[in-house]
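I opened the model to look up a few local features. My notes follow, entry by entry.

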Amino acid sequence: MRNFTCVQDLGDLNQALCEAFEIKKDRFQFSELGKNKTLLMVFFNSSLRTRLSTQKAAMNLGMNTIVLDVNQGAWKLETERGVIMDGDKSEHLLEAIPVMGCYCDVIGVRSFARFESKEDDYTEKILNQFIQYSGRPVFSMEAATRHPLQSFADLITIEEYKKTERPKVVMTWAPHPKALPQAVPNSFAEWMNATDYEFVITHPEGYELDPKFVGHARVEYDQKKALEGADFVYAKNWAAYQDPNYGKVINRDRSWTVDAEKMALTNNAYFMHCLPVRRNMIVTDDVIESPQSIVIPEAANREISAQTVLKKILEELR
Ligand code: AN0
Ligand code: CP
């Protein structure tokens with residue numbers, strides 16, 4: 001594997017899951033693979049889990065790691081070509097990217113949707129420039145439209161906890177005060193559609209996702225109906241995708257918060273969220289603290305998904 005930006009890049013998904021479980025059994029068994037190789041992690045946005053789990057995964061493989069927080073200490077970057085750079089931006093991404101490539105062997109990039117241009121976001125303008133100009137394998141640490149390391153960890157977690165071959169997985173929109181990207185729900189949908197699980201998406205009207213990601217999922221506007229018999233409840237907020245509301249918060253209806261009453265409609269479902277989560281907006285304290293909440297093991301699996309991806313990239317570097 002050269003670059004990792006979506007589920008298809010991984011190839012055979014069952015094979016990748018086997019590799020992930022193999023790594024989980026002994027995460028130090030490939031510690032020679034990354035010797036004298038350097039991972040550069042570039043963050044345009046904040047992170048707790050991605051930063052720590054990806055760095056840990058790289059260390060398990062014997063890699064060295066460098067972290068660049070673009071907005072803290074680096075030069076402000078211009079991303080548009082043709083701009084007369086007489087403002088506050090000192091450097092252009094088109095020089096910065098190949099320079100970054102000089103100092104490392106693999107690059108991870110976090111670059112959220114900016115909600116300024118739907119086209120720029122949905123063509124993955126920033127991530128693709130890294131792929132094009134860095135000269136290095138590039139993987140997404142959440143880009144504008146997808147968060148594949150998260151979805152891979154989510155899938156690993158569901159495989160670990162599922163009690164039936166074909167669980168019912170329900171992704172529900174939940175309220176949040178700020179406009180959040182569609183990357184996590186898009187990506188989760190993309191990965192769920194690559195399995196044979198029963199997959200249902202529920203959200204208020206106006207929060208329809210890009211049909212390309214919805215795929216063959218069933219969309220149910222009645223949240224309670226959607227949750228009936230669920231084995232896994234995956235909560236997430238996202239801002240509107242459809243025009244003219246792209247990137248906007250159009251509903252803060254707290255009746256969509258996941259609470260104990262809603263969880264009681266499910267088949268004793270596990271509760272999942274990628275974190276960070278706002279309590280009593282997305283989910284109530286009692287649900288996230290309940291034994292059915294698997295948000296911590298889910299976060300722990302981020303180390304495994306990152307290590308599986310890095311291993312596949314390193315194997316092709318040799
Ligand atoms: C981000 C998002 O919703 O995409 C990152 C989640 C992993 N969340 C926030 O910005 C709160
Ligand atoms: N789930 C996730 O990616 O968390 P961070 O934003 O903290 O990295």
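Before placing anything, I fixed the element names: helices (H or I, at least four residues) and strands (E, at least two) are DSSP runs, numbered from the N terminus. The model is predicted, so I kept to its limits: local features need pLDDT of at least 70, side-chain atom pairs count only at pLDDT 80 or more, and totals for chains, interfaces and linings use all residues. Residues are numbered from 1 along each chain as its sequence is written, chains are lettered from A and ligands numbered from 1 in the order in which they are written, and side-chain values use heavy atoms, with hydrogens and water left out.

Entry: cis peptide bonds.
I looked up P244 and found it in the loop between β10 (232-236) and α10 (260-263). The bond leading into it, from D243 to P244, is cis with omega near 5°. I also noted a cis bond from L275 to P276, again with omega near 5°. P276 sits in the loop between β11 (270-272) and α11 (285-288).

Entry: ligand 1.
I listed the residues near ligand 1 (a heavy atom within 4 Å of it). They are F112, E142, H147, L180, P181, K236, C274, L275 and P276. P276, from the cis bond above, is thus on this list. I then checked polar contacts (pairs of N or O atoms within 3.5 Å; within protein, one must be able to donate a hydrogen and the other to accept it, and residues adjacent in sequence count only if both atoms are side-chain atoms). An N or O atom in the side chain of E142 is 2.6 Å from an oxygen atom of ligand 1. For K236, a polar side-chain atom is 2.7 Å from an oxygen atom of ligand 1.

Entry: ligand 2.
Around ligand 2 I found S47, L48, R49, T50, R110, H147, Q150, C274, L275 and R302. Two contacts involve a nitrogen atom of the ligand: a polar side-chain atom of Q150 at 3.0 Å, and a polar backbone atom of L275 at 2.9 Å. R302 places a polar side-chain atom 3.0 Å from an oxygen atom of ligand 2.

Entry: α6 against α12.
I recorded an angle of about 115° for helix α6 (residues 148-161) and α12, with axes 8 Å apart. Axes are lines fitted to C-alpha atoms, for helices over the stretch in contact, and angles run from 0 to 180 degrees between N-to-C directions. On the α6 side the contact (heavy atoms within 4.5 Å) includes Q150, and on the α12 side it includes R302. Both residues also surround ligand 2.

Entry: α1 against α12.
Helix α1 (residues 13-25) packs on helix α12 (residues 295-317) at about 115°, with the axes 9 Å apart. The two are therefore roughly perpendicular, the class for 65 to 115 degrees; under 35 is roughly parallel, over 145 roughly antiparallel and the rest oblique. I read the contact as A16, E19, A20, I23 and K24 of α1 with N301, I304, Q307, T308, K311 and K312 of α12.

Entry: positive phi.
Which phi did I find for F115? It is positive, about 60°, although F115 is not a glycine. F115 lies in the loop between β5 (106-110) and α4 (118-122). E124, also not a glycine, has a positive phi of about 55°, and I placed E124 in the loop between α4 and α5 (125-133).
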